[in-house]
Amino acid sequence: MKNIKTILTLIACSLGSAVSAQNPVIQTHFTPDPAPMIYKGKMYLYTGDDQPGFDFYTMTKWHVYSSDDMVNWTDHGSPISLESFSWARDRAWAAQCVERNGKFYWYICAQTVDNNMAIGVAVSDSPTGPFKDALGKPLVTTGTWDNIDPTAFIDDDGQAYLYWGNSKLLYVKLNKDMTSFNGKITEIPQSVEAFGGMRRPGKSDEVLQKQEKFDDVYVEGPWLYKRNKQYYMMYAGMTNRTECLSYATSNSPTGPWKYQGKIMTDQPTNSFTNHGGIIDYKGNSYLFYHNALLPNGGSYGRSTAIEEFKYNADGSIPKINITKEGIHPVGTLNPYQRNEAETMAWAEKCTTSENKKTGVYVSDTRTGGYIKVRAVDFGKGASEFSASVAAGIDGGILEVHLDDVKGTKIAQIDIPRTGGWEEFKTLTSNISEYVSGIHDLYFVFQGKNITAGRKLFNFDHWSFKKK
């Protein structure tokens, strides 16, 4: 009964913002190629870092985020970059992190000094780092551009597999150390039965060349996982000269694979590519993917989005539609503990930065911007609000609103100069309105006597005091 009441309360508190956007789930950075991982009951998300303004996929680092409720995501910064790998010179593309025996192995791909792509691996004792290059050299290098988009999977018997490939699908069996392999690299044969076919309408060779149209064919971005003794291989397929998400299944982690169809297609994503990951968490199944629907997005500015789905009775994956609304929370946030400002469900007119002293914090706030935090459980009431902020100028204002950016204002902090943009001070405000139960919170940025568009303050963490 308690669980039912909690779910009903969560639904009720979400109704007011049901029409608000939740996808893409990260707005402070472009976050392509999402790779989810669960560790000790928490969802971790590993992504790339698109840099808009270039005419190709230009990335130099990777990001980590985490969530307990699937809607409020904490930014843990960028624990690895191209500089973490002495052999890498360009193109920090898709990657995945997996845990084994308390260590975390982050498989990445990057361009080498000989202008080919290779796969490397970084290791850490924590899911958020610090990570370091485990080998000082690539794990997989074959002198080609096929070595991209690694996906790692550890089977129930302890055998680990690493798949990857562009146009080709390749794999090796990893050793228990997760940083080496024995045996040769194996290529999975491409066929209509395994990964879909290619439709070419027309009658003559000339027409075929001009009208070539892919119905579905493996391209890149494999994602291997197991469910109910069935192995699933999701991948980015080609359809109508853009990428969809498709999948195949097998009774073995090495195939033979049987094509099952498309998962996500025929909806505008504003991006040529797609790249997905599927995972179960707290009784729900989720598809992580990317689109380019944030402002200034595009094929080279892509962002992680998430959709919830239910498997069909036979274990097949249904067609999944792209939504702006995204998913509902599967937990609540406690306001009476320290909460990082970089934990958010939605943000506008701000970004995040990091340094050695403070770690990650919200930066570059602008007038009219805000941070939204979902499903905050105030219980029987709060009496005081505190925030750690830093400002190099006087005149910023941090407002706290309930359930809407223009909802009831319960607290306000006028922020003076604190001694510098990275000199954080904790300031406090009494609660002006009674607040209890579960609410969405909006931290709204305002300016007083500050030129429009100018930076206001930086924001590190916040908390409430119980009534």
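**Exercise 1. Overall build**

Task: State what share of the 467 residues in the protein chain is buried, and judge how its radius of gyration stands against that of a compact globule.

Solution: Start with burial. Buried residues account for 56% of the 467 residues in the protein chain. Here buried means under 20% relative accessible area, exposed means over 50%, and partly exposed lies in between (1.4 Å probe, protein chains only).

A word on the source. This is a predicted model, in which local features need pLDDT of at least 70, side-chain atom pairs count only at pLDDT 80 or more, and totals for chains, interfaces and linings use all residues. Residues are numbered from 1 along each chain as its sequence is written, and side-chain values use heavy atoms, with hydrogens and water left out.

Next, the radius of gyration. It is taken over C-alpha atoms, and the globule rule is 2.2 Å times the number of residues to the power 0.38. A compact globule of 467 residues would come out near 23 Å; the protein chain has 23 Å, so the two agree. The C-alpha trace spans about 70 × 50 × 50 Å along its principal axes.

Then contacts (heavy atoms within 4.5 Å). Of the contacts in the protein chain with a separation of 6 or more, 59% join residues 24 or more positions apart.

Last, surface. The protein chain exposes about 20,100 Å², with 48% of it supplied by carbon and sulfur atoms. Accessible areas come from the Shrake-Rupley method with a 1.4 Å probe; for residues, only the protein chains shown count as cover.

**Exercise 2. A five-stranded sheet**

Task: Give the strand order of the open sheet that holds β25 and β31, and explain why one side of each is left without a neighbour.

Solution: Count the elements. The protein chain has three helices and 34 strands. Helices (H or I, at least four residues) and strands (E, at least two) are DSSP runs, numbered from the N terminus.

Now order the strands. Five of them form the open sheet β25-β28-β33-β30-β31, with antiparallel pairing. Two strands pair if DSSP finds at least two bridges between them.

Look at the edges. β25 (346-348) and β31 (409-415) each have a single partner strand, so one side of each lacks a neighbour in the sheet. Neighbouring strands here are turned by 20 degrees against each other on average, direction ignored. Axes are lines fitted to C-alpha atoms, for helices over the stretch in contact, and angles run from 0 to 180 degrees between N-to-C directions.

Check one pairing. Three bridges link β25 to β28 (residues 370-377) in the antiparallel sense. Trp346 has Lys372 in β28 as its bridge partner.

**Exercise 3. Two salt bridges across loops**

Task: Which parts of the chain do the pairs Lys42 and Asp68 and Asp146 and Lys168 tie together?

Solution: Set the criterion. A salt bridge is a side-chain nitrogen of Lys or Arg within 4 Å of a carboxyl oxygen of Asp or Glu. The whole structure holds 13 salt bridges.

Take Lys42 and Asp68. Their side chains meet at 3.0 Å, N to O. Lys42 sits in strand β2 (residues 42-47) and Asp68 in the loop between β3 (61-67) and β4 (73-75), so the pair ties parts 26 residues apart in sequence. Lys42 is partly exposed at 21% relative accessible area. Asp68 is partly exposed too, at 41%.

Take Asp146 and Lys168. Their closest N and O atoms are 3.7 Å apart. Asp146 lies in the loop between β11 (140-141) and β12 (151-154), and Lys168 in the loop between β13 (160-164) and β14 (169-174), so the pair ties parts 22 residues apart in sequence. Asp146 is buried at 15%, while Lys168 is partly exposed at 36%.

**Exercise 4. From β20 to β16**

Task: Trace the link from Asp280 to Arg227, then describe the strands around each residue.

Solution: Begin with the salt bridge. The closest N and O atoms of Asp280 and Arg227 are 4.0 Å apart. Asp280 is in strand β20 (residues 277-281) and Arg227 in strand β16 (residues 218-227), so the pair ties parts 53 residues apart in sequence. Asp280 is partly exposed at 37%, as is Arg227 at 23%.

Move to β20. Four of its five residues are buried, so β20 is largely enclosed by the rest of the structure. Five bridges join β20 to the antiparallel strand β21 (residues 284-291). Asp280 has Ser285 in β21 as its bridge partner. The hairpin of β20 and β21 has two residues between the strands, and Lys282 takes a positive phi near 50 degrees.

Finish at β16. An open sheet of four strands runs β16-β17-β18-β19, with antiparallel pairing. Its edge strands, β16 and β19 (258-264), each pair on one side only. Seven bridges join β16 to the antiparallel strand β17 (residues 230-239). Tyr225 stands opposite Tyr232 in β17.
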